[in-house]
Amino acid sequence: MKAHFTVDMEGMAGIAHENQADVKGLDFPRMRELLTNEVQAAIEGAKAGGAKEIVICDAHDTGRNLILEKLDEDVIVIEGSAYEQGMMAGISDDFDAAFQIGYHSMRDTHAGTIGHTYTYTVAELRLNGVKVGETGLSAAIAGHYGVPVVFVSGDLHAVRQAESLIPDIVGVPTKEGVGVYGIKSLMPKRACELIRKGAEEAMKKAGTAKPYVVERPVKMEAMFTRTIMAQYASQMPLVERTGDKSVAYEAKDMVDAFSVFEALTMIAHSAGEEGEL
Ligand SMILES: [Zn+2]
């Protein structure tokens with residue numbers, strides 16, 4: 001059995017502000033260590049549940065967060081900025097199960113701590129009309145390859161959002177948002193114990209779990225946080241302006257939808273640098 005892990009940071013136990021997940025932040029050295037512990041706990045759980053091969057995508061920000069020498073020596077880690085599939089780099093139809101660790105809620109979630117959707121330029125993302133955050137987006141990419149997401153750990157709101165799309169998923173909340181920058185958190189050791197147990201249970205479900213498949217063609221709609229972002233983004237061929245801050249694109253499948261989404265977020269980012277508006 002082969003498992004793919006995608007690892008984000010804002011949803012892990014103990015983080016209340018994006019500064020703590022920033023490589024230049026004072027707390028970053030501590031937080032990357034705690035994140036590494038959560039991932040190691042998930043490795044141990046997945047192995048106990050039957051995983052023989054594990055590929056881990058270090059998916060937060062620079063992709064250089066995990067302390068590799070603290071992980072089991074028989075896993076493979078994708079570090080840095082991969083050029084395909086973003087937070088799901090490395091996924092293929094070879095895998096039996098996908099895991100999401102340290103995941104956070106989508107943007108504009110009430111009390112969803114540090115909730116955002118891929119970047120801080122995106123206000124809302126829809127796939128065939130269904131609003132998704134990073135849990136849904138990563139699940140849809142795994143689903144393209146027929147791989148079911150069996151496990152999510154992170155902010156309680158992220159876990160709930162994943163459960164609303166994938167009812168059978170094993171969800172391990174590590175903290176509860178009590179504000180956009182407020183948390184009620186488990187202690188790191190307790191979070192790791194629960195992640196270990198949950199990952200074992202989840203891996204055992206790999207044979208029967210169903211992938212989250214978005215039907216083709218995929219209508220991808222992105223709403224940005226500012227008008228100028230939609231203005232720039234709609235200059236891409238085949239991308240249609242659908243509102244003051246929104247654009248849409250009809251993709252042939254999820255891989256196509258994701259590549260265009262990622263390009264749109266880069267365009268939106270540079271649009272945002274033009275001025276205050
Ligand atoms: Zn994220």
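## Helix α3 and its surroundings

The buried residues of α3 pack against β4, β6 (130–132), α2 (134–144), β7 (149–155) and β8 (170–179), where contact means heavy atoms within 4.5 Å, and helices (H or I, at least four residues) and strands (E, at least two) are DSSP runs numbered from the N terminus. Seven of the 10 residues of this helix (residues 156–165) are buried, so α3 is largely enclosed by the rest of the structure; buried is used here for under 20% relative accessible area, exposed for over 50%, and partly exposed for values in between, with a 1.4 Å probe and protein chains only. The buried residues are Leu-156, His-157, Ala-158, Val-159, Gln-161, Ala-162 and Leu-165. At the N-terminal end, Asp-155 acts as a cap, with a side-chain oxygen 2.8 Å from the backbone nitrogen of His-157.

## Basis of the model

This is a predicted model, in which local features need pLDDT of at least 70 and side-chain atom pairs count only at pLDDT 80 or more, while totals for chains, interfaces and linings use all residues. Residues are numbered from 1 along each chain as its sequence is written, and side-chain values use heavy atoms, with hydrogens and water left out.

## The zinc site

The zinc ion is coordinated by Asp-8 (OD), His-104 (NE2), Glu-134 (OE) and Glu-134 (OE), at 2.0 to 2.8 Å; donors are N, O and S atoms within 2.8 Å of the metal (3.2 Å for Na, K and Ca), and since water is not among the atoms, sites may look incomplete. The angles among the four donor atoms run from 51 to 137°, and the site is irregular, a label for anything that is neither tetrahedral (four donors, all angles between 85 and 135 degrees) nor square planar or octahedral (four and six donors respectively, opposite donors over 155 degrees apart and all others between 65 and 115). In sequence, the donor residues follow the spacing D-x95-H-x29-E. Asp-8 belongs to the loop between β1 (2–7) and α1 (28–48), and His-104 to the loop between β4 (97–103) and β5, so this pair ties together parts that are 96 residues apart in sequence. Asp-8 is buried at 3% relative accessibility, and His-104 is buried at 1%.

His-116 also lies in the loop between β4 and β5 and, at 4% relative accessibility, counts as buried. Its side chain is joined to that of His-104 by a polar contact of 3.2 Å and to that of Glu-134 by one of 3.4 Å. A polar contact is a pair of N or O atoms within 3.5 Å; within protein, one must be able to donate a hydrogen and the other to accept it, and residues adjacent in sequence count only if both atoms are side-chain atoms. Not counting residues up to four places away in sequence, His-116 touches Glu-10, His-104, Ser-105, Met-106, Arg-107 and Glu-134.

## Two domains and the cores

The protein is divided into domain 1 (2–120 + 132–204) and domain 2 (218–271), with bounds that come from an automatic or database domain assignment. Taken over C-alpha atoms, the centres of the two domains are separated by 26 Å, and their contact takes 11 residues from domain 1 and eight residues from domain 2.

The largest nonpolar core has 50 residues, and Met-220, Phe-224 and Met-254 have the most contacts inside it; such a core is a set of buried Ala, Val, Leu, Ile, Met, Phe, Trp, Tyr and Cys residues joined through side-chain atoms within 4.5 Å. Helix α6 (residues 254–271) gives the most to this core, with eight residues. Domain 1 and domain 2 both give residues to the core, so it lies between them. A second, separate core of 36 residues includes Val-7, Met-31, Val-39 and Val-150.

## Around Phe-224 and Ala-233

Beyond its neighbours within four places in sequence, Phe-224 is in contact with residues including Thr-121, Val-122, Ala-123, Lys-245 and Ala-233. Ala-233 is found in helix α5 (residues 227–233) and is buried, at 0% relative accessibility. With the same neighbours within four places left aside, Ala-233 is in contact with Phe-224, Val-239, Val-247, Leu-264 and Ile-267. Ala-233 and Ile-267 are 34 residues apart in sequence and 6.0 Å apart in space, C-alpha to C-alpha.
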